[in-house]
Every structure is written in structure tokens, then in C-alpha cells.
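Work through the exercises below with the structure open beside you, and try each task before reading its solution.

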Amino acid sequence: MTETPQAPLNPDDLAALREASTATITTQLFKHGLRNTFLAGLACVTSGTPRMVGEAFTLRYIPAREDVDTLDVYDDYGHPQRAAIEQVGPGQVLVMDCRGQGRAASAGNILLTRLSVRGAAGLITDGTLRDIGEIERLPLPVYAGGSSAMTNLALHHAVDLQVPIGCAGVAVYPGDVLVGDTDGVVCIPRHLVAVIAQQARDQERLETFITERVAAGAPLRGTYPADAETLRAYEESRFTSSLHD
């Protein structure tokens, strides 16, 4: 399909999202009326990787059919799954729509290694992956519903790239921004990125201040949520901090 060029994202917005937890981001999206943005049931399978922030590159699977999905389809380098791996660019996250079905894997270590080398920001599948032992060691944030040794052709037929998909029950459009941390993955509609990023950064900074107060013995009443006195103390602390920068 022909893609409509999208304006580049502001690097400062992406930096702000790297500071924000998925919990904070989902709260900010909730304030804007979006309640179905968290890709539930997925977990990060790679250890020691940075927080994932990147633009969605989508791949859609439909159920496999025995007369079509045979092993020789992989002789074609234009196969949609292979094409997706070779088209995902730096800063993009490959998001796979596997209909939540995990009996067969949606990809394996060789493909994810290639994705990592290409500079991708991550991979997300609401299905499963094979070669998990090797994938765990990749320097690539990878989120999946689990593991399976079965080849994807037993269950999945790759059909579309860069179309709107559903992943873990969430609508994901090409160019949306996916953020992943230890809680999981949240999808931010692209047109809301600038707004959500700055509001999430503000919330994170306030909550850091609140957490320090609670850890020092402050009660929840007046502290969380912050009342006028706590907010005033927060602003004073920010002012003092800025004088020492």
C-alpha cells in the first residue's frame, strides 16, 4: 500500500517518553478519554534492554491454511514476514497482529537478530516466539505473550504490512508510538504524542517528589493526591533545583 508521509516526531517528546512509565502514560491517555491503550498480557522477554520507545511498523497475520502455508514459501524473499524484517527502520517497532494465538510462534531468533542489527527499537507480538533462550540475550526490547517451538506457518499467514491492526486487543496504526517497560506496552496515537509526552514528564517529576515525601513519613492525605500546600512545596523545590543547575 502507498504510505502517506508523516511529520517527524520531536526528539524531545521521545526523550520525555523515555522518562515516563507506562503507568504514567496510560493515566495521561485516560485523561484524554482513551481507555484501551495498554497491550495486556505481554511481557518483555529480553533482559537488560533499555525502555522501548518507537514508531509502529505493523504486520498482520490471518489464520494459516494448509494448501498455502508450506515451508517452501520462505524461498520467496518477498514473503510478508521476511519483507517486514527488511523494511523496519531505525527507531521503529515491529508490531505483529497474531490474533492473540500462541500455539505456533510468530518469529524466531534469526529474524529478531536481523531486526536488532537494523537498529529497530523493538518487537511486539500478541502471539509467541521460538528460540526464546537466544532471544533473551538480544540487545533488543522484545515483548511477547510467551514461547512456542512450532513454526508460524502452522497457525499464521502473513498478509499485510503497514495497515491498522489489533495487537493484544488494542488498535495500532502505522506511526503510532509504542512505549514499553517492566509493566508492559502502551500505544500512543501519533497525533497525541506531543501532548502526552510533556504531560507524562510533568507527572513523573511530581510523583517522584511525592514518593520522596511518603518515604520520609508523610501521610497520604494532602500528599497523594497533592493538595495546594504540597504543590507549593513541589514548585519551590523545582525553583531551588533550577538555581543549582
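**Exercise 1: the surroundings of one leucine**

Task: In this predicted model, list the residues that Leu-129 touches, leaving out residues up to four places away in sequence.

Solution: Once residues up to four places away in sequence are set aside, Leu-129 is found to touch Ala-105, Ser-106, Ala-107, Leu-112, Leu-123, Ile-135, Val-142, Ala-144, Gly-146, Ser-147 and Ser-148. The next step is to place Leu-129 in the largest nonpolar core, which has 26 residues and in which Leu-94 and Leu-129 have the most contacts. The elements that give two or more residues to this core are the helices α3 (80-87), α4 (109-117) and α5 (132-135), together with the strands β2 (52-63), β3 (92-97), β5 (142-144) and β6 (156-161).

**Exercise 2: the buried side of a helix**

Task: Find the buried residues of α3, and then state which elements they pack against.

Solution: Gln-81, Ala-83, Ala-84 and Ile-85 are the buried residues of α3. Following their contacts outward leads to the strands β2, β3 and β6 and to the helix α4, against which these buried residues pack.

**Exercise 3: two helices that pack**

Task: Describe how α2 and α6 pack, giving the angle and the distance between their axes.

Solution: Helix α2, made of residues 22-31, packs with helix α6, made of residues 193-215, at an angle of about 125°, and their axes are 9 Å apart. Because the range from 65 to 115 degrees counts as roughly perpendicular and only angles over 145 count as roughly antiparallel, α2 is oblique to α6. The crossing of these two helices, α2 and α6, is right-handed. For the residues involved, Thr-24, Ile-25, Thr-27, Gln-28 and Leu-29 in α2 meet Ile-196, Gln-199, Ala-200, Gln-203, Glu-204 and Glu-207 in α6. Sorted by kind, the residues of this contact comprise four nonpolar, five polar and two charged.

**Exercise 4: backbone details in loops**

Task: Decide whether Gln-162 and Ala-168 count as buried or partly exposed, and then look at the peptide bond from Tyr-224 to Pro-225.

Solution: Gln-162, in the loop between β6 and β7 (165-167), has a positive phi of about 55° although it is not a glycine. Its relative accessibility is 8%, so Gln-162 counts as buried. Ala-168, in the loop between β7 and β8 (170-172), also has a positive phi, near 55°, but at 21% relative accessibility Ala-168 counts as partly exposed. Finally, the peptide bond from Tyr-224 to Pro-225 is cis, with omega near 5°, and Pro-225 lies in the loop between α6 and α7 (228-243).

Technical notes: Residues are numbered from 1 along each chain as its sequence is written. This is a predicted model: local features need pLDDT of at least 70, side-chain atom pairs count only at pLDDT 80 or more; totals for chains, interfaces and linings use all residues. Side-chain values use heavy atoms; hydrogens and water are left out. Axes are lines fitted to C-alpha atoms, for helices over the stretch in contact, and angles run from 0 to 180 degrees between N-to-C directions. Helices (H or I, at least four residues) and strands (E, at least two) are DSSP runs, numbered from the N terminus. Angles under 35 degrees count as roughly parallel, over 145 as roughly antiparallel, 65 to 115 as roughly perpendicular and the rest as oblique. A crossing is left-handed if the near helix is turned anticlockwise from the far one by less than a right angle, and right-handed if clockwise. Contact means heavy atoms within 4.5 Å. Ala, Val, Leu, Ile, Met, Phe, Trp, Tyr, Cys and Pro count as nonpolar, Asp, Glu, Lys and Arg as charged, and the others, Gly among them, as polar. A nonpolar core is a set of buried Ala, Val, Leu, Ile, Met, Phe, Trp, Tyr and Cys residues joined through side-chain atoms within 4.5 Å. Buried means under 20% relative accessible area, exposed over 50%, partly exposed in between (1.4 Å probe, protein chains only).
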